[in-house]
Amino acid sequence: MPATTVRPRAHWPCRLLLTAVSLLLVTLLAGLADAWLIAGRMPRIELSWPVTEGPETWLIVGLDDRAAADERIIEYTGPAESQPGVRADVIILVTRTDRGLVAQSVPRNLMVGAPSRIDPGRQTRLGVYWRRSPQQFVDVICTDLAVPVDHLITIDLQAFVDIVDALGGITVDVPQPLRDAELRFELMAGPQHMDGLLALGYVRSRLGEVQVGGRWIPEPDGEQARNRRQGQVLELVMAQLRGHPLALQRAAWRASPHIGLDRGTQPWQLGVLAGMPAPQPLLTNPNTTGVDVRYIGDQTRAGLAALGYSAQCSPA
């Protein structure tokens, strides 16, 4: 059977999602005169919450929403018609405990739910479950993970690109020549000025090559190098925002239409997330047949129970 080439999907790096959340928090907590106008530009999502009680829980979802992206991002991801609907690329649960906030990243390939009409006889990846509706997504977090969600924030890729562009771009010190044929960029070592789209490619690159001794070779550090680039860009963006209220206002204004909030949550409540730590992976079980999916297991249940969640959750 001939091999099939699959175009890599646009993927929300965790740190970029946290950059957008941090930007929103800094804006609303800085007391800017138009902070409430900015909050008013955020899309609101109608939801009914689970009836089961538990610790206060925030659900932060980074969305692959090609219909909401501009033409430049579409060049990376392909047209909306090639990937219909909206998928959840990054899923973070933030739990408020007596010890402070605990953040966990939930695998988007976690198998959840009952068999669907789309996939009869099988469960569905959690990331794809968003296509059904935000309400059903929150409900399946309740029924399968036994986590009753209290607040929802959604962010799409356009938000990050808009933040960097609103700052007039960022200057990144590239440690060694880097190129990525799929994302169509090539960078020399040293300071490089990047707009939002190039910065997105720089931190997303998974199949990049570096130049060593005049030869291009696959990037040897792989995911570690990608994580370093994400941290580098995150620090640069936040450094430009700190102490520059006009830049902060401009970036927040541009990004706010791409940051959604459930209708029952008030903007001032976002202050709870100000001390949010870096997310740790939710413990799940791998698939033993080689298929790239994860499953809920005993360690998943035990880890959530340790945070104060009960064994069952009833949706609205």
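**Exercise 1. The S12–S13 hairpin**

Task: In this predicted model, find the bridge partner of valine 212 in S13, and describe how strands S12 and S13 are joined.

Solution.
- Step 1. Valine 212 has arginine 215 of S13 as its bridge partner.
- Step 2. S12 covers residues 209-212 and S13 covers residues 215-218; the two strands run antiparallel and are joined by four bridges.
- Step 3. Two residues lie between S12 and S13, and the strands form a hairpin. In its turn, glycine 213 has a positive phi of about 60°.

**Exercise 2. The four-strand sheet**

Task: Give the order of the open sheet that contains S12 and S13, and state which strands stand at its edges.

Solution.
- Step 1. The order is S10-S9-S12-S13, and the pairing is antiparallel.
- Step 2. S10 (185-187) and S13 each have a single partner strand, so each has one side without a neighbour in the sheet; these are the edge strands.
- Step 3. From one strand to the next, the twist averages 25°.
- Step 4. S9 (residues 178-180) is joined to S10 by three bridges, and the two run antiparallel. Within this pair, glutamate 186 in S10 stands opposite arginine 179.
- Step 5. The loop between S9 and S10 contains arginine 184. Its phi is near 60°, which is positive although the residue is not a glycine. For comparison, most residues other than glycine have a negative phi.

**Exercise 3. Helix H7**

Task: Determine which strands H7 touches and how many of its residues are buried.

Solution.
- Step 1. H7 (residues 196-204) packs on the four-strand sheet and touches S9 and S10. The direction of H7 makes about 80° with that of S10.
- Step 2. Taking under 20% relative accessible area as the cut-off for buried, nine of the nine residues of H7 qualify. They are Gly196, Leu197, Leu198, Ala199, Leu200, Gly201, Tyr202, Val203 and Arg204.
- Step 3. Since nine of nine are buried, H7 is largely enclosed by the rest of the structure.

**Exercise 4. The seven-strand sheet**

Task: Give the strand order of the open sheet of seven strands and find the partner of isoleucine 60 in S3.

Solution.
- Step 1. The order is S1-S14-S7-S2-S3-S4-S15, with mixed pairing.
- Step 2. At the edges stand S1 (44-45) and S15 (280-281); each has a single partner strand, so one side of each lacks a neighbour in the sheet.
- Step 3. S2 (residues 57-64) and S3 (residues 87-97) run antiparallel, joined by eight bridges. In this pair, isoleucine 60 has isoleucine 92 of S3 as its bridge partner.

**Exercise 5. The disulfide**

Task: How many disulfides does the structure hold, and which parts of the chain are tied together?

Solution.
- Step 1. Searching the whole structure gives one disulfide. The pair is cysteine 142 and cysteine 313, with sulfur atoms 2.0 Å apart.
- Step 2. The angle about the S-S bond is -105°, and the link of cysteine 142 and cysteine 313 is left-handed.
- Step 3. Cysteine 142 belongs to helix H5 (residues 134-145), while cysteine 313 lies in the segment after helix H10 (298-305), so the link ties together parts 171 residues apart in sequence.
- Step 4. Both ends are covered: cysteine 142 counts as buried because its relative accessibility is 0%, and cysteine 313 is buried at 8%.

**Exercise 6. Alanine 146**

Task: Where is alanine 146 found, and is alanine 146 buried or exposed?

Solution.
- Step 1. Alanine 146 sits in the loop between H5 and strand S7 (151-156).
- Step 2. Its relative accessible area is 3%, so alanine 146 is buried.
- Step 3. Alanine 146 is not a glycine, yet its phi is positive, about 60°.

**Exercise 7. The chain as a whole**

Task: Summarise the chain's composition and burial, then say which stretches have pLDDT below 50.

Solution.
- Step 1. The chain has ten helices and 17 strands. It has 316 residues, of which 50% count as buried.
- Step 2. The accessible surface is about 15000 Å², and 53% of this belongs to carbon and sulfur atoms.
- Step 3. Among contacts in the chain with a separation of 6 or more, 74% come from residues 24 or more positions apart.
- Step 4. The mean pLDDT is 82, and 81% of the residues reach 70 or more. Residues 1-10 have pLDDT below 50; this stretch has 19 contacts in the model beyond near neighbours in sequence. Residues 116-120 also have pLDDT below 50, with three such contacts.
- Step 5. Where pLDDT is low, the predicted coordinates should not be read in detail.

Methods: Residues numbered from 1 in each chain as written. Predicted model: local features only at pLDDT ≥ 70, side-chain atom pairs only at ≥ 80, totals over all residues. Heavy atoms only, no water. Pairing = 2+ DSSP bridges. pLDDT = per-residue confidence, 0-100. Contact = heavy atoms within 4.5 Å. Axes fitted to C-alpha atoms, helices over the stretch in contact; angles between N-to-C directions. Buried < 20%, exposed > 50% of the residue type's maximum accessible area, 1.4 Å probe, protein only. Areas by Shrake-Rupley, 256 points an atom, 1.4 Å probe, with all protein chains shown as cover. Disulfide = S-S within 2.5 Å.
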